[in-house]
Structures are given as structure tokens and as C-alpha cells.
Amino acid sequence: MNGVEVSPRHCELEARQSRAIPSGWLRRFAPRHDVLGVAVATAALLLAHSCAQADEAFIPNQGGGDLAIVDLASMTVAARLPLGGKPAGVAVAPDGARVYVTSPEGGFVSVIDARARRLERRLEAPGLPFGVAVSPDGRKIYVADMNGRDLTEIDPQSGASRKAEVGAVPSGVVLTPDGATIIVSARDDDALVLLDAATLTKRATIAVGRHPFGLAVDPAGLRAYAANVESDDLSVVDLKAQKLVATVKVGKRPYGVALAAGRVFVANQYGETVSVLDAQNLAPLAAIKVGEYPESVAASPDGAKVYVTNWFSNELWAIDAQSLKILGKTETGEGPRAFGAFVRGSDEAGHPRLETR
């Protein structure tokens, strides 16, 4: 592992120090208006914010049974939390306060306090929980049961839940930015299912390529993108018209999709590449060689970078979304899946992350 292990307790203490700084360190040193005072105050600020200052990636390691929290500025693992149950799916809440991780073999969802970097509690989830998404207001999470046909809505505060039948082997889950529509890939039905988020009733079932898995929605909520594992292509769905509008060939065995810098990024497991398409005309732009078995892909909140987990080489890679150059990589642990929205912005006010799954 690269970097320094930081305990959840350490981060919790630093969070308290950070909140205490305006009435403590700054008032004590800032009035001196000298080099020493400014330097000490600055150092105190940097220390107190060291746990969550940079963008972070929350990477479930399925083989290792843990969650690696990666500081994306330094590309080092800053903390590691044991979760168990072969963790795979992940969703960062829009306000960045909580991170939800599915454990398919444990039948639960771990709730992570992102600021304190600690496991807060577990929520029971039926079947084989895999894909997960958070509503834009953060009040509900949606979990796909890959062993069945249902999507489960869970209130993370009360634990109350309700189900909707969506189709065979539900996998990826995303919501439109307004939170009105839930989109689920029904893998073995070769279809995307659109649900009314208020009632959990079906609005449409749309045939796409073979075995759709990872999903993405554009920031305007107009288009959904699905990576089709068995047909090696990408389906594009017009959400207003509720119909398939394009199918584009990508690399071998595509799994994850993300949008950034006006482009579509698709992780191809067997191809060990990331396909890059123009988001407007869907023209292919590049195929970037990455690590072994790339699975999930997500964009930074500002869209400047794209991050790819490589399942078999146990790595997270960073790519410049404009130049398409590799910016760095780090080891994450055994078997990083990170299926979902795994990047948390440094601004805890939150950033929309609905475009990546």
C-alpha cells in the first residue's frame, strides 16, 4: 500500500480541531501579522484539514474485504476500513457526508461517515446487493439485488424500505439529476428500466445491447448511457422520448461508464482499455491502455480527471480528461471493484455525481 494509514479516530479528532480553529489558533496567531504567526496558522489549517482536503476515492476491494480511501491529490491510500462481505458497489452521497458500500456476500450496505473515515453502521439489504445509488437529496438509497429481480429503496436514517420489481439480474442504478427517475440495468433482460422515483412504478422498459451493466446520465438528465458487457457496445437512450437512439461499438467487455469534459469514457475489461467518445456525436476519440480488468470509471467533480479501477492489477489510475494522458496510479488493495460513484469532492457542500456509475 502507498501512503500512510490514518485511523478513523485520528480523522475525527482532526475534524474537531478544524472546527475549533477560528476561535483558537487563528485568533491567537493571525493578529501578530508576522511571518511566524502566519506560518503557524497556515500549518494548523493544513494539519486540521489533512483528512478530507483533497478529492477522495472510496474503493471497495472485493478480494480484500475492505474499503480503501484514496487521497486523489497525492494518489495515496489515506485510510483503510475493514467491511467484509466482499464489498463491490459504492455510492457517495451528493453532500459528501456519507458513502454507501454494498457487500453482496454479506447481504448488507455499509454506511461510512466520510469525514471521520469510520464505519457508522450497516443496513440489511435483500438478496445479493450490488449496484447502489443515492437520491439527490440524500434521503434515500437504491440497491439492486443481482440475485433476483428487485430494486430496494432504503431510508438510511430509519431503515424503512420498499421494493420494486425491475427485471432479471438488476445491476447498475442511477437517478436523473432532478431525482424524478430511477434507471436500472436489468442485465439478463438486455434492457434498461425507468422507474418513477416517487411511486416506484415502471415508466418504461427499453431494449438495449446484451447484458447492460454500468450506467451514466448526463448532467441535464436527457440521455442515459449503458455499457453492454456481452455485445461490446454502448447504448444511448433518450430519457424524454424513452427510446434507444444510438448504439456504438467500444472495447471488449465494457463495464463502467463516466462522462467528463464533453466525452464518454468506457472501461473495457477484456480489452484493458478505456474507450473515449465524443459525447455529442459519439465519434470514437481514443482507446487508452490501462491496467488489468478495468471495471469502474468515475470523473472528478470538476470533470478534469477520470479515475479507473483495475480489478486484477489492484490499482486505481488517473487520466487527464482533456489530454487523455495517464497522470498517476496507486495500489488500492486486493480486487478493487468500486462499481458506482466512488469519487468525493473536497468541497463538502457536494457536487453532482449522477453522471457516473
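**Reading a strand-rich predicted model**

Tutor: Start with strand β4, residues 89-92. Both of its faces are covered: G89 and A91 are buried on one side, and V90 and V92 are buried on the other. Keep in mind that this is a predicted model.

Student: Why do the residues of a strand fall into two sets?

Tutor: In a regular strand, side chains alternate between the two faces of the sheet. For β4, the sets are G89 with A91, and V90 with V92.

Student: Which strands does β4 join, and in what sense, parallel or antiparallel?

Tutor: Look on each side in turn. β4 and strand β28 (residues 339-341) run parallel and are joined by three bridges. G89 faces F339 of β28. With strand β5 (residues 98-103), β4 pairs in the antiparallel sense, again over three bridges. There V92 sits opposite V99.

Student: How many residues lie between β4 and β5 in their hairpin?

Tutor: Five. Check the backbone there too: G96 takes a positive phi near 75 degrees.

Student: Let me step back. How many helices and strands does the chain have?

Tutor: Three helices and 29 strands. The chain has 357 residues, and 57% of them count as buried. Its exposed area is about 13800 Å², with carbon and sulfur atoms supplying 51%.

Student: What share of the contacts links residues 24 or more positions apart?

Tutor: Count the contacts with a separation of 6 or more. Of these, 45% are between residues 24 or more positions apart.

Student: Where can I see a strand with a partner on each side?

Tutor: Try strand β2, residues 66-71. Strand β1 (residues 56-61) runs antiparallel to β2, and six bridges join them. Strand β3 (residues 76-82) also pairs with β2 in the antiparallel sense, over six bridges. For a detail of each pairing, A57 has V70 of β2 as its bridge partner, and L67 has L81 of β3.

Student: Is β2 buried or exposed?

Tutor: Mostly covered: six of its six residues are buried. Now sort them by direction. D66, A68 and V70 point one way, while L67, I69 and D71 point the other way.

Student: What do the turns on either end of β2 look like?

Tutor: The hairpin of β1 and β2 has four residues between the strands, and G65 in the turn has a positive phi of about 70 degrees. The hairpin of β2 and β3 also has four residues between the strands. In that one, M75 takes a positive phi near 50 degrees.

Student: How do I read one residue in its surroundings?

Tutor: Ask three things: its element, its cover and its contacts. P60 is in strand β1. P60 counts as buried because its relative accessible area is 0%, and the cut-off is under 20%. Setting aside neighbours within four places in sequence, P60 touches residues including D66, L67, V90, V101 and G335. P60 and K86 are 26 residues apart along the chain, yet their C-alpha atoms are separated by 8.3 Å.

Student: What do the three questions give for S110?

Tutor: S110 lies in strand β6, residues 108-113. At 0% relative accessibility, S110 is buried. Beyond four places in sequence, its contacts include L83, V99, Y100 and R122.

Student: And for V276?

Tutor: V276 belongs to strand β22, residues 273-278. V276 is buried too, at 0% relative accessible area. Among its contacts beyond four places in sequence are V264, F265, A283 and L324. The C-alpha atoms of V276 and F265 are separated by 4.8 Å, with their positions 11 residues apart along the chain.

Student: In what order do strands β12 to β15 stand in their sheet?

Tutor: The order is β12-β13-β14-β15, in an open sheet with antiparallel pairing. β12 (170-175) and β15 (202-207) are the edge strands; each has a single partner, so one side of each lacks a neighbour in the sheet. On average, neighbouring strands of this sheet are turned by 20 degrees against each other, direction ignored.

Student: How many bridges link β13 and β14?

Tutor: Six, between β13 (residues 181-186) and β14 (residues 191-196). Within this pair, S185 stands opposite L192.

Technical notes: Residues numbered from 1 in each chain as written. Predicted model: local features only at pLDDT ≥ 70, side-chain atom pairs only at ≥ 80, totals over all residues. Heavy atoms only, no water. Helix = DSSP H or I, 4+ residues; strand = E, 2+ residues; numbered from the N terminus. Buried < 20%, exposed > 50% of the residue type's maximum accessible area, 1.4 Å probe, protein only. Contact = heavy atoms within 4.5 Å. Pairing = 2+ DSSP bridges. Axes fitted to C-alpha atoms, helices over the stretch in contact; angles between N-to-C directions. Areas by Shrake-Rupley, 256 points an atom, 1.4 Å probe, with all protein chains shown as cover.
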